[in-house]
Amino acid sequence: MSKLTKWTVPASMFFLGCLAGGGLLSIPVMNAVRASAVDKAALEEAYEDLNKKVTALQEGSSLLARVAHLATPSVVHIESRRNVPNKGVVEETGSGVLVSGSDGKGIYVVTNRHVIDGAIPGNISISLFDGRVINPDDIRADRDTDLAVLRVNAPNLSPARWADSDKVDIGHMVLAVGSPFGLSQSVTFGIISAKGRRKLKLGTTAVLNQDFLQTDAAINPGNSGGPLIDLQGRIIGINTAIASSSGGNEGIGFSIPSNLVRRVMDQLLEFGVVQRAYLGVRLDPAFDLRSANRLKLDRVGGARVTEVYPNTAASKANLLYDDVILSFDGVDVEDENHLINLVSLTPFGKKVRMVVWRGGNKVPVLVQLGDRAEMREQSAVPTPDSGTSPVRTTSLTSGLRLKPLDFQVRETHRLPARAGGILVNEVAIDSIWQGIVEVGDLIVEVDQWPVASESELASVLKAGQALPAIPIRLMRLEGGKSVEHVVQLPQSKLQ
């Protein structure tokens, strides 16, 4: 799309309606007033006529001004500082919004995790609408959604209200409020242009739960963490990212839906972490029409199961290879990423009804979801009763010298304190890993399983030996920046 002014596309229908309602579209061209050719009385009459017909447009403009006036006192500007070895002080800027706790007690600032990542409370400055600057008392963050909640304590704060993001539709008008390029209390106008955006690459951040609202309201660097506001002045989303070739706004911005933000916030405040459920299946990321037709489906939809892990919720519910999960807890499943999002945001232990396509028929399945954290531990370390022999680490990681994460590695890759992964220190010339990984790579996940030690790496590799290729997600330093890559380890190398 060509670069248009911020009013042209999103407000076109809105203003055309106002113009038509006010009669402005009916002004004859021949009646245009030329000040140099008329007397003062005719000029005054023309101004009065224009004033009468512009009323509808003024009312629409006044409405937007009232919404902005209502929302801006809740929006804050954030500056954070952190010390990085050999680099000195690194600064980040962004935005945030004041909200109340779900129990009505306490005031918090919701923002993006990457805005305050690595900073201690004393090095985070929050600039309020009235000019005061305060520091948070506590920080809680969730890497998988890129959200952070900062507890603040100051008088006369103005928390915003929440909207129900499930009720927002494409075409609804919104305002984005924040501090782009450090310009505090900036407001831009647009519409919701899409919903359910997933599979986004957000820099070096691996965001598990993606269900973004897309908007053409101008979002620029510095808007991160600020609110997306509906026409009732309520938070409909938290602005997080832009799609841009220039680094600035090009009409495509992404916001985390308010309902997801509220759930993450409640979990962080109650437990300190976000508790996520787990199903226990491997899904097909390349499920296409050819595969759907083979399974007697006339369209692509749902998530196809390619493996059921033992001793998981899925195996206990008797899910099978080639099952296609069509619905989960009453929600139609769009694809594998949609299912991952639905499952991980469901409380573990909950019994959920699913509809599965199996053998040309819809089959109801009841599954009790497990705890994702427990599943990770069980998958990485075989139990004495499992009947499996101990993993021979040297056979699968032979030729690799690996190093657990330490402070310096975390700072180099800009990782939060709880981030996992394992650093590649050496790759032998005759190793199966030659040409797959490089020295300095940070291996984060293998076949979608986080790894934080050599034994975990070997365990996951062993579990995936039957696959044609094992996907490995890693971070690699390129030009001083940590860039995400996904490489494939062929099955032939593991034999």
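**Exercise 1. A salt bridge and the exposure of its partners**

Starting from R234 in this predicted model, classify the residue by its relative accessible area, and then work out which side chain it meets in a salt bridge.

Solution. With a relative accessible area of 30%, R234 is partly exposed, because the partly exposed class lies between the buried limit of under 20% and the exposed limit of over 50%. The next step is to look for the partner, which is D230: the side chains of D230 and R234 meet in a salt bridge with an N to O distance of 2.9 Å. Applying the same limits to the partner, D230 counts as buried, since its relative accessibility is 8%.

**Exercise 2. Salt bridges between separate parts of the chain**

Describe where the partners of the salt bridge between R282 and D447 lie, and do likewise for the salt bridge between R358 and D323.

Solution. The side chains of R282 and D447 meet at 2.0 Å, N to O. R282 belongs to strand β15 (residues 281–283), whereas D447 sits in the loop between β24 (442–446) and β25 (449–450), so this pair ties together parts that are 165 residues apart in sequence. Turning to exposure, R282 is buried at 8% relative accessibility, and D447 is buried as well, with a relative accessible area of 6%.

The second pair is R358 and D323, whose side chains form a salt bridge at 2.7 Å, N to O. Here R358 comes from strand β19 (residues 351–358) and D323 from the loop between α7 (313–316) and β17, so parts that are 35 residues apart in sequence are tied together. The exposure of this pair is divided: R358 is partly exposed, with a relative accessible area of 25%, while D323 is buried, with a value of 0%.

To set these pairs in context, the structure holds 20 salt bridges, and D142, R143, D144 and R276 are linked in a network of such bridges.

**Exercise 3. Following the pairing of β3 outwards**

Trace the bridge partners of V110 into β2 and into β7, and state the sense in which the strands run.

Solution. Begin with β2 (residues 88–100), which is joined to β3 by four bridges and runs antiparallel to it; within this pairing V97 has V110 of β3 as its bridge partner. Then pass to β7, which is joined to β3 by six bridges, again in the antiparallel sense, and in which V149 is the bridge partner of V110. V110 therefore has a bridge partner in β2 and another in β7. As for burial, six of the six residues of strand β3 (residues 107–112) are buried. Finally, the hairpin of β2 and β3 has six residues between the strands, and in this hairpin G104 takes a positive phi near 80 degrees.

**Exercise 4. The pairing of β4**

Identify the residue opposite H77 in β4, and continue from there to the bridge partner in β5.

Solution. Strand β1 (residues 75–84) pairs with strand β4 (residues 124–127) in the antiparallel sense over four bridges, and H77 stands opposite S127. From β4, two bridges lead to strand β5 (residues 133–134), which also runs antiparallel to it, and the partner of S127 there is V133. The hairpin of β4 and β5 has five residues between the strands, with G131 taking a positive phi near 100 degrees.

**Exercise 5. A buried aspartate in a loop**

In which loop is D146 placed, and with which side chain does the side chain of D146 make a polar contact?

Solution. D146 is placed in the loop between β6 (138–142) and β7 (147–152). Although it lies in a loop, D146 counts as buried, at 3% relative accessibility. The side chain of D146 makes a polar contact with the side chain of H114, at 2.7 Å.

**Exercise 6. Where to read with caution**

Find the elements with the lowest and the highest mean pLDDT, and decide how the stretch 376–394 should be treated.

Solution. Helix α1 (residues 12–22) has the lowest mean pLDDT, 48, and strand β17 (residues 324–328) the highest, 94. Over residues 1–13 the pLDDT is below 50, and this stretch has 15 contacts beyond near neighbours in sequence in the model. For residues 376–394 the pLDDT stays under 50, with 19 contacts beyond four places in sequence. Where pLDDT is low, the predicted coordinates should not be read in detail. For the protein as a whole, the average pLDDT is 78, and 78% of the residues score at least 70.

Technical notes: Residues are numbered from 1 along each chain as its sequence is written. Side-chain values use heavy atoms; hydrogens and water are left out. pLDDT is the predictor's confidence in each residue, from 0 to 100. Contact means heavy atoms within 4.5 Å. Buried means under 20% relative accessible area, exposed over 50%, partly exposed in between (1.4 Å probe, protein chains only). A polar contact is a pair of N or O atoms within 3.5 Å; within protein, one must be able to donate a hydrogen and the other to accept it, and residues adjacent in sequence count only if both atoms are side-chain atoms. A salt bridge is a side-chain nitrogen of Lys or Arg within 4 Å of a carboxyl oxygen of Asp or Glu.
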